[in-house]
Amino acid sequence: MRTVALEARGHDALEFRVRTAYEEFVAPGAARFRIHGEVRRLHDLVRLSWEWAPVDGGETQGGGLQVLLLGPDGRIATDYQFIGL
């Protein structure tokens, strides 16, 4: 399986990534995203896995690994996505 890595730095880039994913998958009612497994945190790093599935209850269609770097204020500063894991 091919893995795609995406990176967003800064709040504008993060907002763009979230907004476009929402508009493409969630807003039309096509899919739902959910955490898969445990969210882990070590100091300023957060790791989580996620998956997406059709809203109608079909099988999981994809997912990935998310690694978040938190800034001094506790907000997400950098978001690394590895899609297809």
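Reader: How do you know how far apart the mean positions of the positive and negative charges are in the protein chain?

Author: Happy to explain! Lys and Arg count as positive, Asp and Glu as negative, while His and the chain ends are left uncounted. Each charge is placed at NZ of Lys, CZ of Arg, CG of Asp or CD of Glu. On that basis the 10 positive and 12 negative charges have mean positions 4 Å apart. This is a predicted model, where local features need pLDDT of at least 70 and side-chain atom pairs pLDDT 80 or more, while totals for chains, interfaces and linings use all residues. Residues are numbered from 1 along each chain as its sequence is written, and side-chain values use heavy atoms, without hydrogens and water.

Reader: What makes a residue count as buried, and what percentage of the protein chain does?

Author: Buried means under 20% relative accessible area (1.4 Å probe, protein chains only). By that cut-off, 24% of the 85 residues are buried.

Reader: Why is the pattern of the protein chain written with α and β?

Author: Helices (H or I, at least four residues) and strands (E, at least two) are DSSP runs, numbered from the N terminus. The protein chain has 1 helix and 5 strands, so its pattern reads β-α-β-β-β-β.

Reader: How do you know what share of contacts joins residues at least 24 apart?

Author: A contact means heavy atoms within 4.5 Å. Among contacts between residues at least 6 apart in sequence, 33% join residues at least 24 apart.

Methods
Buried < 20%, exposed > 50% of the residue type's maximum accessible area, 1.4 Å probe, protein only.
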